[in-house]
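Colleague: I have the model open and would like to go through some of its details. Could you take me through them, topic by topic?

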Amino acid sequence: MIKLLFTFSTLLSCLFSFSQIKGTVTSSINAPLPVVNIFIENTYVGTTSNNEGKYELNIIKPGKYTVVFQYLGYKTLKKSITITKFPFVLDAQLNEEDISLNEVVINTEENPANQIIRNVIKNKKELQNKIKGYKANFYSRGLIRIENAPKKILGQEVGDLGGGLDSTRSGVIYLSETISKIEYKKPNKLKERVLASKISGDDNGFSFNSASEIDFDFYNNTVELGNQIISPLSNNAFNYYKYKLQGVFYDDKGNLINKVKAIPKRENDRVFSGYVYIVEDQWSIYAVELEVTGKQAQMPAADIIIIKQNFSYSKNDKIWALISQSINFKYGILGITGSGRFNAVYSNYEFNPIFDKKNFTKEVLSFESEANKKDSLFWNKKRPIPLTNEEATDYLKKDSIQLVKKSKPYKDSIDHVNNRLKIGALISGYSYQNSHKNTNFSLSSPIGKASFNTVQGWNSNMNISYTKNYNEYKRYFKTNVNIDYGLSEDKLRATAAITYKFNNTSKPFLTLSGGIKTEQFNPSNPISRTENMVSSLFFEDNYVKLYEKGFVQLYYNKELFNGFHLASSIAYEKRNALFNTTSHVMLPEDNDTYSSNNPINELAYGIAPFTNHNIIKFNTMIRIRFAQKYMTYPDSKFNFYNSKYPTLTLEYEKGLNASNKNLNFDQVKIRLTQNFDIGNKGNFTYNIKTGTFFNAKNIAFMDYQHFNGNQTHVNSGNYTNVFNNLPYYSLSSNSSYFESHAEHNFKGYILGKIPLLNKLNYNLVIGTHILSTKENKPYNEFSIGINNIGWGKYRFLRVDYLRSYQNGFINDAIIFGINF
């Protein structure tokens with residue numbers, strides 16, 4: 001049946017084909033050539049061939065044309081044709097290019113490749129300035145395969161990945177394509193409007209193969225691929241690369257093209273290897289064939305990434321412009337391996353247009369309302385690169401499967417299997433789903449959440465939740481109940497919450513919650529349940545300090561307008577002091593004992609750190625992300641982090657109507673954060689906080705400003721919001737305070753240059769942390785560490801040495817951490 005449908009689909013595709021010139025490009029031995037650039041001479045009307053060498057080129061009018069076939073390593077071929085009717089079949093056979101050094105005059109005093117690269121570096125600003133802006137058509141298609149997929153990953157069922165796996169558990173797991181209009185204005189304004197978007201097996205999905213994600217300019221000093229990779233045409237390229245002139249050849253216009261090999265000086269530097277093709281005298285890029293390993297880019301899942309770019313020259317514009325780009329990659333991690341490719345075609349350039357002042361906004365990517373509803377007739381007409389048999393089969397197969405998967409009987413059958421109660425639910429919990437009604441009920445396992453603290457003893461909690469999704473998950477209603485029981489304390493506590501999300505554009509949430517629970521005095525919860533359990537049972541260090549809170553709270557948050565986010569809450573709280581109820585320990589020490597549950601004085605056993613009381617707390621927070629860019633698609637908005645500007649947070653907190661009026665207070669907080677790359681020199685992050693209290697002399701200790709300390713010598717990943725050698729509550733303040741964290745990760749800039757050590761691929765990280773309060777002298781921490789420690793692809797460990805000072809040296813420490 002599938003074969004019959006495929007044959008019928010192919011027939012329809014031929015009958016309704018709107019491609020005007022089509023054919024196949026092969027080598028001299030009749031092997032198909034993929035990603036060949038095919039375009040009309042002296043224009044930017046073009047396409048590329050697919051992996052089977054097939055192409056389609058849209059021409060509107062009959063007439064005389066010269067079609068150019070350009071492919072790296074092969075001689076450019078021109079064919080003059082006269083079209084009287086459509087479709088017009090034009091096959092091409094390309095011969096290998098004669099690349100030699102015969103045309104090169106060798107200067108024994110200098111490597112000729114070095115001089116070529118110096119000329120490019122010298123002239124690249126002028127070349128970039130030729131393009132002050134442009135408009136163009138953009139097409140992209142992406143495909144990802146998986147090979148021998150495991151049936152389970154970390155105990156979780158993998159399934160058939162949407163019908164993409166064959167009997168060997170291999171196949172296409174992602175296939176999508178995008179047609180869009182792009183507009184660019186120097187230096188960095190890029191706007192994209194997606195006209196059509198298609199994802200195999202998902203007629204409601206939107207492809208995010210955007211132009212901005214693959215905007216790789218090798219004239220720039222670095223190219224972003226997860227990390228900043230140094231371009232072979234960077235201003236400081238000679239610090240990282242050696243060059244060798246492999247040979248030269250002439251293109252169809254008589255330009256002498258230099259093929260230069262870029263060779264990394266050190267194998268683990270953030271650099272490419274491969275070839276750059278440079279036009280003699282003009283010193284422009286003709287093409288690039290460059291690759292970088294996942295190890296070099298510090299992308300653990302990637303094995304290798306290969307980027308190819310091809311440029312074409314227009315006599316009218318006197319510009320070498322990018323006309324095609326391909327990204328091929330291989331990946332492998334956790335036993336999962338595969339490969340993929342993303343091909344892009346740029347066409348119909350209009351250079352240096354005059355843009356309206358309001359043309360460029362913070363909206364950088366948008367989708368037309370029916371972009372994901374285009375039918376096959378539209379795609380057959382507009383798609384510039386023909387589908388391969390593999391791609392056509394995948395579309396047909398998954399689109400057919402999708403029709404079945406949308407039906408109620410299918411959804412019910414899948415739910416029937418997934419909703420079965422399994423033995424593993426005793427640890428992981430149980431979930432019941434009704435896919436047809438978009439509802440989900442879940443019950444967590446109390447065994448999986450068992451923990452220990454000295455207030456409750458052995459304790460656990462169970463969460464019961466129900467979720468109803470609307471409008472393709474753009475809105476939802478959720479209710480949950482959390483039940484907590486402490487064995488030594490012999491007390492049951494429970495909380496409940498109801499949440500409603502109104503839309504997926506400004507994303508407003510309204511939550512009503514209440515109940516009774518235990519809470520750390522520092523609401524940031526600086527010590528996790530697991531960390532405290534281990535430190536208590538094995539080292540007799542009970543760092544968590546708890547009090548009981550009964551509460552009713554109303555919480556609301558929303559993005560009022562782009563980059564301006566509001567969150568506000570009001571709560572009634574009843575607070576009661578708690579005390580240790582157990583001295584249980586697994587590895588007791590003769591000269592050690594548990595501290596009290598009083599965070600102010602660890603020896604104050606049986607003494608409450610505050611008087612039981614009631615209070616109303618009001619909080620409002622405004623977060624401003626300056627120059628925030630975003631994308632929109634129907635009924636949804638997605639924000640992009642802009643590393644060029646900081647994020648500012650303003651917060652006001654008020655305690656009022658307390659049972660003891662001395663407990664009322666006001667607090668104002670300001671926070672500034674930013675994370676950005678400094679070219680090839682690494683990544684810098686800072687987090688600055690300051691605030692002050694009013695009328696807060698006698699407030700309860702949980703209302704103080706607490707600073708995240710760390711006494712476990714283990715960090716779970718947050719290094720710019722913690723003092724890794726500071727006791728948790730030693731500097732808590734109810735007056736004015738200033739807190740600053742800064743860290744720089746050199747990303748191989750330093751250690752990558754040290755012989756032998758650079759083979760380890762470690763990163764040097766330095767940091768400084770400052771805390772100043774009105775009551776205490778300034779506290780400082782200075783750290784130096786190494787991250788990216790591990791084996792093979794699994795490199796998530798970090799070790800730091802730090803020294804802390806307050807009115808002189810206090811002590812030092814070694815911190816072990818996990819850093820992804």
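**Hairpins, sheet, salt bridges and surface**

Modeller: Let us begin with a hairpin: strands E43 and E44 form one with 3 residues between them, and Asn807 in its turn has a positive phi of about 60 degrees. Please keep in mind that this is a predicted model.

Colleague: How many bridges join E43 to E44, and in which sense do the strands run?

Modeller: There are 9 bridges between E43 and E44 (residues 809-818), and the two strands run antiparallel. As one point of register, Arg803 has Asp812 in E44 as its bridge partner.

Colleague: What does E43 do with strand E42?

Modeller: Strand E42 (residues 779-791) pairs with E43 (residues 794-805) in the antiparallel sense, over 9 bridges. Within that pairing, Glu781 has Ser804 in E43 as its bridge partner.

Colleague: Which residue takes a positive phi in the hairpin of E42 and E43?

Modeller: That is Gly792, with a positive phi near 60 degrees; this hairpin has 2 residues between the strands.

Colleague: Let us move to the N-terminal region. What is the strand order in the open sheet of 4 strands?

Modeller: The order is E3-E2-E5-E6, and the pairing is antiparallel. Strand E3 (46-48) and strand E6 (77-83) are the edge strands, each pairing on one side only. From one strand to the next, the twist averages 20 degrees.

Colleague: How many bridges join E5 to E6?

Modeller: Strand E5 (residues 63-70) is joined to E6 by 7 bridges, the two running antiparallel. Thr66 stands opposite Ser80 of E6.

Colleague: Now the charged side chains. How many salt bridges does the structure hold?

Modeller: It holds 33 salt bridges. One of them is between the side chains of Lys549 and Glu519, at 3.1 Å from N to O. This pair links distant parts of the chain, with Lys549 in strand E31 (residues 546-561) and Glu519 in strand E30 (residues 509-520), 30 residues apart.

Colleague: Are Lys549 and Glu519 buried or exposed?

Modeller: Both Lys549 and Glu519 are buried.

Colleague: And Arg798, which partners does its side chain meet in salt bridges?

Modeller: Arg798 meets Glu743 in a salt bridge of 2.8 Å, N to O. Arg798 lies in strand E43 and Glu743 in strand E40 (residues 737-745), so this salt bridge ties together parts that are 55 residues apart in sequence. Arg798 also forms a salt bridge with Asp800, where the closest N and O atoms are 2.6 Å apart. Arg798 and Asp800 are both buried, and Glu743 is buried as well.

Colleague: Which residues do salt bridges with shared partners join into one network?

Modeller: The network consists of Lys517, Glu519, Lys549, Glu573, Arg575, Lys617, Glu653 and Asp703. The Lys549 and Glu519 pair discussed above is thus part of that network.

Colleague: Let us turn to the surface. Which residues form the nonpolar patch there?

Modeller: The patch is formed by Trp458, Tyr485, Leu487, Leu492, Val534, Phe538, Phe539, Met586 and Leu587, which together have about 840 Å² of accessible area. Helix H8 (residues 529-539) supplies the largest share of the patch, with 3 residues.

Colleague: Where is Leu487 placed, and why does Leu487 count as exposed?

Modeller: Leu487 sits in the loop between strand E28 (475-486) and strand E29 (491-501). Leu487 counts as exposed because its relative accessibility is 54%, and the cut-off for that class is over 50%.

Technical notes
Residues are numbered from 1 along each chain as its sequence is written. This is a predicted model: local features need pLDDT of at least 70, side-chain atom pairs count only at pLDDT 80 or more; totals for chains, interfaces and linings use all residues. Side-chain values use heavy atoms; hydrogens and water are left out. Two strands pair if DSSP finds at least two bridges between them. Axes are lines fitted to C-alpha atoms, for helices over the stretch in contact, and angles run from 0 to 180 degrees between N-to-C directions. A salt bridge is a side-chain nitrogen of Lys or Arg within 4 Å of a carboxyl oxygen of Asp or Glu. Buried means under 20% relative accessible area, exposed over 50%, partly exposed in between (1.4 Å probe, protein chains only). Patches are made of residues with over 30% relative accessible area and no salt bridge: like charges are joined within 9 Å, nonpolar side chains (Val, Leu, Ile, Met, Phe, Trp, Tyr) within 5 Å. Accessible areas come from the Shrake-Rupley method with a 1.4 Å probe; for residues, only the protein chains shown count as cover.
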